[in-house]
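Hi everyone, thanks for making time for this. I'd like to walk you through a structure that may be new to you, so please have a look at the screen.

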Amino acid sequence: MNIAQDVKEAASAPQDDWGRLVTAIEFAQARAPWLATAGMMVPRADAAVLVDRIGDGDHRLTAAWPVTEPGQADLEKLAREAIEERRGLVSFAEDEEPGLEAGAGHSHLAYPIILGDTVPGAAAFSISSRDPVDINAAMRSIQWSLAWIRDVLQQSGTTGTGPTIEVLEILADLLGPTDFQAASHAFVIRLCSRFGLERASLGFRKRKSTVVSTISNSASFGRRMNLVRLTEQAMDEAIDQERAILFPARDKDSGVIRRCHERLSQEQDGTGILTLPLVDDGEILGAAPGKCERQAALAARH
């Protein structure tokens, strides 16, 4: 595999990275697009390396982003230290000018890939900040990104259908549409097809109430505006409690209010309802309910 060429292509065509990542048959094909994609997702990242021994006997540098980064050797060294110590590590660039303002400069972060008793690799990133808040945010993003690699490896070396891969496949679907409404529709359709839902809805909070923006099979709703209103109320119920709500409940959690979900279920002949608030960095943006036998609803506040 030509790592340099792969990384250059990834940097110039970020949408292609998602497609190459989720369709990779072997892990070797996924290394470069994964690292380039992770580099764009980790806040303030400007360089990254992947060190692993997957499919090989020794740990080695297997991907770099971008390929011309002069501090690559420092990142590789930190990644190897993270592998040896089996924990996340943070260091600061040593060759930067003295007297930088507080929080200015670069930090190097590394986190290992841990599978049971083995550590097959680690990734290291350089971010353009030394602020502890930025470092913590970047480290969380790195850990989330590495979950994809763990998921792949836990599927016996295939791409599999693990939960992290499903998330990436959904995100890949959203890169194709050219406008928000089309992307929203692709999102709810994917939820229905993947999880066997009769219907999925997406709504966003506007001031004190939620407005449904997309319904997977809106044609079947026709003029049943009462269903839309009940769906919006179920979204509000989940957002106001800041939690996912399932109806009927599988347990007797007396602390969860489900009145709106019960009314929505009754309106649809007793169907099951699951509503998931959409959260971005601790802020609820909306919600998505789904009708299952099975229905699901998603909602967001903004």
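Let me start with a question: which residues have the most contacts inside the largest nonpolar core? Keep in mind as we go that this is a predicted model. The residues to look for are Trp34, Leu35, Leu50, Phe125, Trp148 and Ile149, and the core they sit in has 28 residues. Several elements give two or more residues to this core: helices H3 (27-41) and H5 (132-154), together with strands S1 (45-52), S2 (60-65), S4 (107-115) and S5 (118-127). H5 provides the largest share, with nine residues. There is also another core apart from this one, made of 14 residues, and Ala64, Leu75, Ala82 and Ile83 are among them.

Let's step back for the overall picture. The protein has 302 residues, and 45% of them are buried. Its secondary structure comes to 10 helices and 13 strands. If we take the contacts between residues at least 6 apart in sequence, 52% of them join residues at least 24 apart. The accessible surface is about 15,400 Å², and carbon and sulfur atoms account for 50% of that.

Now for a residue I'd like you to find on the screen: Asp52, in strand S1. Is Asp52 buried or exposed? Its relative accessible area is 1%, and the cut-off for buried is under 20%, so Asp52 counts as buried. What does Asp52 touch, leaving out residues up to four places away in sequence? The list is Phe27, Arg31, Asp58, His59, Arg60, Thr62, Pro120 and Gly121.

One of those neighbours, Arg31, deserves another look. The side chains of Asp52 and Arg31 are joined by a polar contact of 2.7 Å. This pair also forms a salt bridge, where the closest N and O atoms are 2.7 Å apart. It links distant parts of the chain, since Arg31 lies in helix H3 and Asp52 in strand S1, 21 residues apart. Both partners are buried. As a general reminder, side chains of opposite charge can pair when their charged atoms come close.

How many salt bridges does the count come to? The answer is six. Another of them brings together the side chains of Glu85 and Arg87, with an N to O distance of 2.7 Å. Here the surroundings are described by a relative accessible area of 39% for Glu85, which is partly exposed, and of 45% for Arg87, also partly exposed.

Then we have Arg205 and Asp240, whose closest N and O atoms in a salt bridge are 2.8 Å apart. This pair links distant parts of the chain as well: Arg205 is in strand S6 (residues 199-206) and Asp240 is in helix H9 (residues 225-241), 35 residues apart. Arg205 counts as buried, at 5% relative accessibility. Through salt bridges that share partners, Arg205, Asp236 and Asp240 are joined into one network.

Last topic, the cysteines. A disulfide is a covalent bond between the sulfur atoms of two cysteines. How many disulfides does the count come to here? Zero. Two cysteines to look at are Cys192, buried with a relative accessible area of 12%, and Cys260, which counts as buried at 14%.

That's my tour, and I'm happy to go back to any part of it.

Key: Residues are numbered from 1 along each chain as its sequence is written. This is a predicted model: local features need pLDDT of at least 70, side-chain atom pairs count only at pLDDT 80 or more; totals for chains, interfaces and linings use all residues. Side-chain values use heavy atoms; hydrogens and water are left out. A nonpolar core is a set of buried Ala, Val, Leu, Ile, Met, Phe, Trp, Tyr and Cys residues joined through side-chain atoms within 4.5 Å. Buried means under 20% relative accessible area, exposed over 50%, partly exposed in between (1.4 Å probe, protein chains only). Helices (H or I, at least four residues) and strands (E, at least two) are DSSP runs, numbered from the N terminus. A polar contact is a pair of N or O atoms within 3.5 Å; within protein, one must be able to donate a hydrogen and the other to accept it, and residues adjacent in sequence count only if both atoms are side-chain atoms. Contact means heavy atoms within 4.5 Å. Accessible areas come from the Shrake-Rupley method with a 1.4 Å probe; for residues, only the protein chains shown count as cover. A disulfide is a pair of cysteine sulfur atoms within 2.5 Å. A salt bridge is a side-chain nitrogen of Lys or Arg within 4 Å of a carboxyl oxygen of Asp or Glu.
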